[in-house]
Structure formats: C-alpha cells, structure tokens
Amino acid sequence: MLLRRTPNEQEFLKQGFKMNKVKSIVAAGTAIFVMQVATSSSAMAQERTSTLQQVKDRGYLSCVIGNSFPGFYSLDKDGEWQGMDIDMCRGVAAAVFGDASKVKFMPVQWAQSFTSIKSGEGDMLSKGMTWTLSRDTSQGLDFLETYFYDGQGFMVRKDLGVNSVKDLKGATVCVLTGTSSELNLADYSRTHGLDLKTVVFDDSAVRNTAFFNENCDALTNDKSGLAAQRSAAPNPDDYVVLPETISKEALSFAVTQNDSEWANIVKWTFEAMVAAEEDGITSANVDEMKNNSASPVVRRILGAEGDLNTGLGLSPDWAYQVIKAVGNYGEIYARNVGPDSVLGLERKGTLNALWQDGGLMYAKSFR
C-alpha cells in the first residue's frame, strides 16, 4: 500500500535531508581541518632543532655570565675566564663535546640576564642567580640545581664603628637594581624599622666604586659577593662584613623554559660533579677509577658499564669527561672560593658541604 504524505510532511522530510547533508559536509570539513593541523604541527616539530643539536651544530656552548664576580666569574691576568660559574659551564661543554674549551662566555648586565636566555642567544645561565618563585614562573626560564647556598649580608668601613645591621638606622646602602638583594633590603628595613636609604646601580662595578668612594654607608649583596668585593678593595682590611644574614640565596643554573632534554644535560652534569666527590673520584684519579674500580656506582658514573648516557643523548663517557676536565664539586669549590682562594670561604660546617658532612650537597642516584 503506497503511503501518501501531506504537503507539510513532505516539506519536513526535505528539510531533514538538507540538514543531514549539511552535517555531513561540516563533519568532513572538520576532519580535514584536524588532519591539516596535525600535519602542520608534526612538520613544525620536525623543523625545530633541539637545543642539544643546535649546540652541537654550532660547535660550542654559549654560557651567560656576569661582568666580574671574583671566585665565580672574572678574567685572570691572561684574559681567561675563571671561577665557579665558569667551571660549571666548562663541565657542560665537556659533557657534550668531550672538550671543556668548547664554550663561549657572554658577560651581560643584570637586566639582560633573562632575555639573553629567552632569546636563544645563550644556552645556559650561570652567574650567581638566586632561584626565586617569580623568576622561575614569569621569566621564561627553568631553574635546575643549586650549586652554591648563600645569604645576603652587609659590608661597612671599619671606622664607621658599626657592629650590627641594626646600628645602620637611616643609613644609605648601595645595591644593584632589579636584584633579590634590593627587594630583601626593603623587606628587612621595613620589618625592623631601619629606614634604610637605597642607592641603586645598574652596574656592579659602578656600585662597588661608589661604596669604596664613600658615596654610601654600606654595601649589600650575597655574602660570597661581599667577600669578592672586599678582596678587590684598595685596602681590604679597612672593611668588615657584618654578622647578620638576612636572606636565603640559592645560586642556581637556569635554561629556557620547557626544554627538558637540555635541562637534563645541564643538571646531570652538576650531579656528576657532586657524585664524583661522594665516591672519591677526582680529576687526578678518574682514569684509574674508570679502569679499575669494582664499585658498580662508580663504573656507571664513568660509563665503564651500563647505558645511562642514552637518555641524555651523550657519549657513554660524558661524566668521565666532565670530571677529567674540571674535577669534582669539592675540587671546583676549593679552587675558586675555598679557604686558599681569593675569597677564602670555609666550606666545612656550611650548607655547601656534602650531606654526610652536614651540608645540602647531595647527588641524585646514578642508576
């Protein structure tokens, strides 16, 4: 029996057919668009070269440092960079190339520290930079490992007769602008009602000169920095660092944000330095340890067995190359900032000692 439909029913069916046709076209178009986006994203991912590959292709590591901070980064009489930060960068170069000399240093003013990494000009930042929440979350950087634990202090002239920061009420204080030192100074002054007057500088050398020329009553900086500045004074014995430490300053490396492959290389280079000290591996005995040690841990660190290098994309002996070139963490500390160095900083009993000696230096597991 043939079903006869009313004109209204026929029109309804026509409209339904049209709607289904439109839905099919939209669905097909959406599928094509998704495929195009996926293809484009895949092509872009293939076009992007990893930081590790860029460094290898360039033939050297680009390391961002400051202008001068004796013990951490400064030029020697032969015009060669030396210091703790310098050794850290050379260690990464040794890990990547097997040659610690394949690094170029970029000394920048404090204000350019972050942009030099975000712009891709520098591969890593190693310049006595304090790891803070805002820097880690809003500057386009990832902070990795703390290689020196410090704290902010104050230096004054001895003839000022001051024995405590709290005796500096109403004094003028030289400080580098844009640093955590400037913010800590404001917090401390406000908390203790000291009404300290800040004299800010963009350049640390100009700041130091102003202090030594008695343009301000005190100089504030990390205590390692104060030791460096005091050592460079015309008459170091004319100055004293006050006993108070008003902050925690975790000096740390940084790389561009969300680059885990490269971040792993930088942080595990440092871990290798600490692990080597824990296990008694030095630049002097590293060959013997690699060839003769019965310790599975030592053999894994030095690449004599295992395949820990594969996840880093480096050669099996990458950590051996690091220790051979720059030494373990203890050697680096002693050479640059230790008791017999220009800074004369004691390590024993400080946070920079190994964990078994009561400090915070603790290598993650090589396994």
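What follows is a walk through a few parts of this structure: a sheet, some strands and helices, and the spaces between them.

The model is predicted, so some limits apply: local features need pLDDT of at least 70, side-chain atom pairs count only at pLDDT 80 or more, and totals for chains, interfaces and linings use all residues. Residues are numbered from 1 along each chain as its sequence is written, and side-chain values use heavy atoms, with hydrogens and water left out.

A good place to start is an open sheet of five strands, in the order β9-β8-β10-β7-β11, with mixed pairing. Here helices (H or I, at least four residues) and strands (E, at least two) are DSSP runs numbered from the N terminus, and two strands pair if DSSP finds at least two bridges between them. The edges belong to β9 (197-201) and β11 (239-241); each has a single partner strand, so one side of each is left without a neighbour in the sheet. On average, neighbouring strands of this sheet are turned by 30° against each other, direction ignored. Strand β7 (residues 152-157) and β11 run antiparallel and are joined by three bridges, with Met 155 having Val 241 of β11 as its bridge partner. Lying across β7, β10 (218-222) and β11 is helix α8 (residues 223-231), which runs at about 125° to β10. For such angles, axes are lines fitted to C-alpha atoms, for helices over the stretch in contact (heavy atoms within 4.5 Å), and the angles run from 0 to 180 degrees between N-to-C directions.

Strand β1 (residues 61-65) is a well-covered piece: five of its five residues are buried, so β1 is largely enclosed by the rest of the structure. Buried means under 20% relative accessible area, with exposed over 50% and partly exposed in between (1.4 Å probe, protein chains only). Leu 61, Cys 63 and Ile 65 point one way from β1, while Ser 62 and Val 64 point the other way. Five bridges tie β1 to strand β4 (residues 103-107), running parallel, and Leu 61 stands opposite Val 103 there. Strand β5 (residues 124-125) also runs parallel to β1, through two bridges; its Leu 125 is the bridge partner of Val 64.

Helix α3 (residues 84-97) is similarly hidden, as 13 of its 14 residues are buried, so α3 is largely enclosed by the rest of the structure. Just after α3, Gly 98 takes a positive phi of about 70°.

Then there are the empty spaces. On a 1 Å grid over the protein atoms alone, a cavity is a set of points where a 1.4 Å probe fits but cannot get out, and a pocket is an open set with protein on both sides within 12 Å along at least five of seven lines; lining residues have an atom within 4 Å of a point. Points are joined across faces, edges and corners, and a volume is the space filled by probe spheres set on them. The whole structure holds two cavities of 30 Å³ or more. The largest cavity has a volume of about 320 Å³, and of its 24 lining residues, the closest to its centre are Tyr 73, Trp 110, Leu 176, Arg 207 and Asn 221. β10 gives the most to this lining, with three residues.

The largest pocket takes up about 250 Å³. Of its 15 lining residues, Phe 148, Tyr 149, Asp 150, Thr 350 and Asn 352 are the closest to its centre. β6 supplies the largest share, three residues.
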